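The exercises below ask the reader to work through the interior, the charged pairs and the surface of one protein model. Each task is followed by a solution that proceeds step by step.

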Amino acid sequence: VSSFKIPSGEITNLPYLKFIGGLRKKIILSSGMSSKKEILDAIKILKKKGTQKKDITILHCNSEYPTPYKDVNLSAMDDIKNYFRVKVGLSDHSLGIEVPIAAVAMGAKVIEKHFTLNKNFKGPDHKTSVNFLELKKMIKSIRNIEKSLGNGVKKISNSEKKNIFVVRKSIVAKVKIAKGEKFSFKNLTTKRPGNGLSPMKIETIIGKKAKKNFLKDQQINLK
């Protein structure tokens with residue numbers, strides 16, 4: 001087994017934490033019903049027994065089944081990440097699949113979601129668990145979100161470059177303009193496509209005289 005999951009109910013179990021920490025494996029630590037001090041104490045025990053901090057992922061969790069949306073508090077993942085300087089995730093007990101998908105968009109590296117073959121089975125968790133179709137949809141949505149996160153650098157993407165000329169506008173004659181007539185906001189406007197003079201240049205030609213006749217909607221250029 002390459003990693004161990006410590007459930008929320010064991011975060012104050014000293015002998016248990018010492019044993020798991022001594023295995024020196026990757027650990028996923030769920031933090032339901034826990035204060036930051038209790039989480040910190042658990043981390044100290046795990047590290048003291050040989051587990052490296054880089055191998056610990058803490059799951060934000062609310063241990064109510066189902067968790068009311070008002071108590072999910074996804075933003076607590078940021079608090080955990082910044083306070084403990086560890087990877088974070090979510091152990092989710094809310095109904096539906098929206099919350100774990102949102103958690104991934106906010107930086108969750110691990111998602112725990114209860115799964116059942118039949119929500120009508122006897123037991124405390126089945127009704128709040130996802131079935132096969134919901135799990136499949138959740139995973140597909142999460143994978144799409146992961147792709148969508150990108151590298152965080154704002155730049156023009158290759159897929160949208162082709163639309164620049166189509167979507168942007170150029171300076172054109174709003175009405176017929178005679179040779180020698182001065183350009184003004186009354187006889188100029190901007191229209192698609194954007195393969196002509198940019199509207200950002202319109203103030204540089206206001207007041208200048210037209211060197212030729214222009215038809216309505218004909219593009220204006222600096223020549």
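**Exercise 1. The cavity**

How much space lies in the largest cavity? Determine also which residues line the largest cavity, and which elements give two or more residues to that lining.

*Solution.* The model is a predicted one, and the search is run over the whole structure, where it finds one cavity of 30 Å³ or more. About 50 Å³ of space lies in the largest cavity. The next step is to list the lining, which is made up of His60, Cys61, Asn62, Thr67, Val72, Leu90, Ser91, Asp92 and His93. Setting this list against the secondary structure, one finds that strand S3 (56–61) and strand S4 (87–92) are the elements that give two or more residues to the lining, and that S4 supplies the largest share, three residues. Sorted by character, the lining residues comprise three nonpolar, five polar and one charged.

**Exercise 2. Salt bridges and their exposure**

State how many salt bridges the structure holds, and then examine the pairs Lys37 with Asp41, Asp55 with Lys54, and Lys191 with Asp217, giving for each the N to O distance and the exposure of the partners.

*Solution.* The structure holds nine salt bridges, and the three named pairs are taken one after another.

Step 1. Between Lys37 and Asp41 the closest N and O atoms are 2.9 Å apart. Both residues belong to helix H2 (residues 36–48), where they are four residues apart, about one turn of the helix. Lys37 counts as exposed because its relative accessibility is 56%, whereas Asp41, at 30% relative accessibility, counts as partly exposed.

Step 2. The side chains of Asp55 and Lys54 meet in a salt bridge at 3.4 Å, N to O. To classify the two partners, recall that buried means under 20% relative accessible area and exposed means over 50%. Asp55, with a relative accessible area of 16%, is therefore buried, while Lys54, with 55%, is exposed.

Step 3. In the salt bridge of Lys191 with Asp217, the closest N and O atoms are 2.7 Å apart. Lys191 lies in strand S7 (residues 188–191) and Asp217 in the segment after helix H8 (202–205), so this pair ties together parts that are 26 residues apart in sequence. Lys191 counts as partly exposed at 34% relative accessibility, and Asp217 counts as partly exposed at 38%.

**Exercise 3. The surface**

Which residues form a nonpolar patch on the surface? Locate Phe121 in the chain, and then describe Lys154 by its place, its exposure and its separation from Ile111.

*Solution.* Step 1. The nonpolar patch is formed by Phe115, Leu117, Phe121, Phe132 and Leu133, which together have about 590 Å² of accessible area.

Step 2. Phe121, one of the patch residues, sits in the loop between strand S5 (111–113) and helix H5 (132–149). With a relative accessible area of 40%, Phe121 is classed as partly exposed.

Step 3. Lys154 is found in the loop between H5 and helix H6 (158–161), and because its relative accessibility is 78%, Lys154 counts as exposed. Lys154 and Ile111 are 43 residues apart along the chain, and their C-alpha atoms are separated by 28 Å.

Notes:
Residues are numbered from 1 along each chain as its sequence is written. This is a predicted model: local features need pLDDT of at least 70, side-chain atom pairs count only at pLDDT 80 or more; totals for chains, interfaces and linings use all residues. Side-chain values use heavy atoms; hydrogens and water are left out. On a 1 Å grid over the protein atoms alone, a cavity is a set of points where a 1.4 Å probe fits but cannot get out, and a pocket is an open set with protein on both sides within 12 Å along at least five of seven lines; lining residues have an atom within 4 Å of a point. Grid points are joined across faces, edges and corners, and a volume is the space filled by probe spheres set on the points. Ala, Val, Leu, Ile, Met, Phe, Trp, Tyr, Cys and Pro count as nonpolar, Asp, Glu, Lys and Arg as charged, and the others, Gly among them, as polar. A salt bridge is a side-chain nitrogen of Lys or Arg within 4 Å of a carboxyl oxygen of Asp or Glu. Buried means under 20% relative accessible area, exposed over 50%, partly exposed in between (1.4 Å probe, protein chains only). Patches are made of residues with over 30% relative accessible area and no salt bridge: like charges are joined within 9 Å, nonpolar side chains (Val, Leu, Ile, Met, Phe, Trp, Tyr) within 5 Å. Accessible areas come from the Shrake-Rupley method with a 1.4 Å probe; for residues, only the protein chains shown count as cover.
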